[in-house]
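Open the model in your viewer and keep the selection tool at hand. We will walk through it stop by stop, and at each one you will select something and see what is there.

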Amino acid sequence: MTVRALSIVLLALATAVPALADGWPRPKGSGYYQLGFRYVRATQFYEPNSNIVDIPTLSDYVVSFYGEYGLTDRLTVLAYVPFVERITLNRVEGEDTGFIFFEGDAVTSIADADLGIRYGLFKQGNTVLSLSAKLGLPLGQTEQENGLITGDGELNQFVGLELGHSFWPAPAYATASAGFNNRINGFSDELSFKMEGGYTLAQKLTLIGRVGGVFSLKNGDDPRLGGTGGLYGNNQQYVLFGVEASYTLTESLGVSLGAEGATLGENVLAAPAFRMGFFVVR
């Protein structure tokens, strides 16, 4: 295959795969950078037996940076930094008397971050397989009077495999990944999976659907609850469904909107999360 023919193939594949997808390492010198916003408002919580119970209204706001950069054509470095997380817990009053049982509380802090790599193991046709590894950096606040914490205080280590396939010449793709998260300081280890598919319309709008899950091995300490609402709790389990729309504004700028919700949960909030992001591809 000539250099010109190879370039045409790579360009065509790029139109069928979004700027951010598991499995594909970034080309050397290229990057993807996103400023993201996430919002959750919950009035219910999944107990350890998956029963749903009412809780005082808890809101979680996160502003984050996510970036990928190709050091080589096979090796990509990754970083996720939630540099602002604000958690609020509403005041609790008696319905009839108006008596205040709890004044409410709020905390604003940096949250735990991730630093990792993606390494391309092999590529066969339109299919790629990559190895991913991440460290969870304990940057968040781990102590607060009413349990409104923004981190778990442990340096966890994650390793996984990511499979990606482009359906070029159709502007569609699919990915699947699975991983193991080794947690310390009394937290249980976890297994996780994710599957995702996307289709691009008019070379501008990519519609994405995904399903994923986290399953605790329950080999840690039960008393580790992880703060009010279990935002950073132990023995969390859930199956997650999500949708996203990503729109390219220019050749290098874009915006994304998404929502996701959990079912079959344990020790997690029973509420959907909404996301918005602005991204740059270079």
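Start by selecting Ser188, in the loop between β10 (172-182) and β11. Keep in mind as you look that this is a predicted model. Is Ser188 buried or exposed? Its relative accessible area is 1%, and since buried means under 20%, Ser188 counts as buried.

Now show the neighbours of Ser188. Leaving out residues up to four places away in sequence, Ser188 touches Arg183, Ser216, Lys218, Asn219, Gly220, Asn234 and Asn235. Pick Gly220 from that group: the side chain of Ser188 reaches the backbone nitrogen of Gly220 at 2.8 Å.

**Step back to the whole chain**

Zoom out and colour by secondary structure. You should find 1 helix and 16 strands in the protein. Of its 282 residues, 40% are buried. If you switch on a surface, about 14700 Å² is exposed, and carbon and sulfur atoms supply 62% of that area. What share of the contacts with a separation of 6 or more comes from residues 24 or more positions apart? The share is 59%.

**Follow three strands**

Select β3 (residues 75-89) and β7 (residues 113-124). These two strands run antiparallel and are joined by 6 bridges. To see one of the bridges, click on Ala79: its partner in β7 is Leu115.

Next, add β8 (residues 127-137) to the selection. β7 and β8 also pair in the antiparallel sense, over 11 bridges. Here you can click on Arg118, whose bridge partner in β8 is Ser132. Then move to the turn of this hairpin, where 2 residues lie between the strands. Gly125 in the hairpin takes a positive phi near 65°.

**Look for rings**

Show the side chains of Phe, Tyr and Trp. How many aromatic pairs are there? The count comes to 6. For one of them, select Tyr33 and Phe65: their ring centres are 6.5 Å apart and their planes meet at 15°, so this pair is stacked. Tyr33 belongs to strand β1 (residues 31-46) and Phe65 to strand β2 (residues 52-70), so the pair ties together parts that are 32 residues apart in sequence. Tyr33 is partly exposed, at 29% relative accessibility, and Phe65 is partly exposed too, at 32%.

Go on to Phe193 and Phe215. This aromatic pair is stacked, with 6.1 Å from centre to centre and 10° between the planes. Phe193 sits in strand β11 (residues 190-201) and Phe215 in strand β12 (residues 205-216), so the parts tied together are 22 residues apart in sequence. Check how open the two rings are: Phe193 is partly exposed at 28% relative accessible area, and Phe215 is partly exposed at 35%.

Then select Tyr32, Tyr66 and Phe279 together. Ring pairs link these three residues into a cluster.

One more ring deserves a click. Select Phe158 and Lys134: the charged end of Lys134 sits over the ring of Phe158, 5.0 Å from the centre of that ring.

**Check the backbone**

For the last stops, hide the side chains and look at backbone angles. Select Trp168 and Pro169. Is the peptide bond between them cis or trans? The bond from Trp168 to Pro169 is cis, with omega near 20°. You will find Pro169 in the loop between β9 (157-166) and β10.

Move to Ser50, in the loop between β1 and β2. Its phi is near 75°, a positive value in a residue other than glycine. Ser50 counts as partly exposed, at 29% relative accessibility.

Finish at Asn267, in the loop between β14 (253-266) and β15 (268-269). Asn267 is not a glycine, yet it has a positive phi of about 60°. Is Asn267 buried or exposed? With 14% relative accessibility, Asn267 counts as buried.

How values were computed
Residues are numbered from 1 along each chain as its sequence is written. This is a predicted model: local features need pLDDT of at least 70, side-chain atom pairs count only at pLDDT 80 or more; totals for chains, interfaces and linings use all residues. Side-chain values use heavy atoms; hydrogens and water are left out. Helices (H or I, at least four residues) and strands (E, at least two) are DSSP runs, numbered from the N terminus. Buried means under 20% relative accessible area, exposed over 50%, partly exposed in between (1.4 Å probe, protein chains only). Contact means heavy atoms within 4.5 Å. Accessible areas come from the Shrake-Rupley method with a 1.4 Å probe; for residues, only the protein chains shown count as cover. Two strands pair if DSSP finds at least two bridges between them. Rings of Phe, Tyr and Trp (its six-membered ring) pair if their centres lie within 6.5 Å; planes under 30 degrees apart count as stacked, over 60 as edge-to-face and the rest as tilted. A charge sits over a ring if NZ of Lys or CZ of Arg is within 6 Å of the ring centre and within 35 degrees of the ring normal. A polar contact is a pair of N or O atoms within 3.5 Å; within protein, one must be able to donate a hydrogen and the other to accept it, and residues adjacent in sequence count only if both atoms are side-chain atoms.
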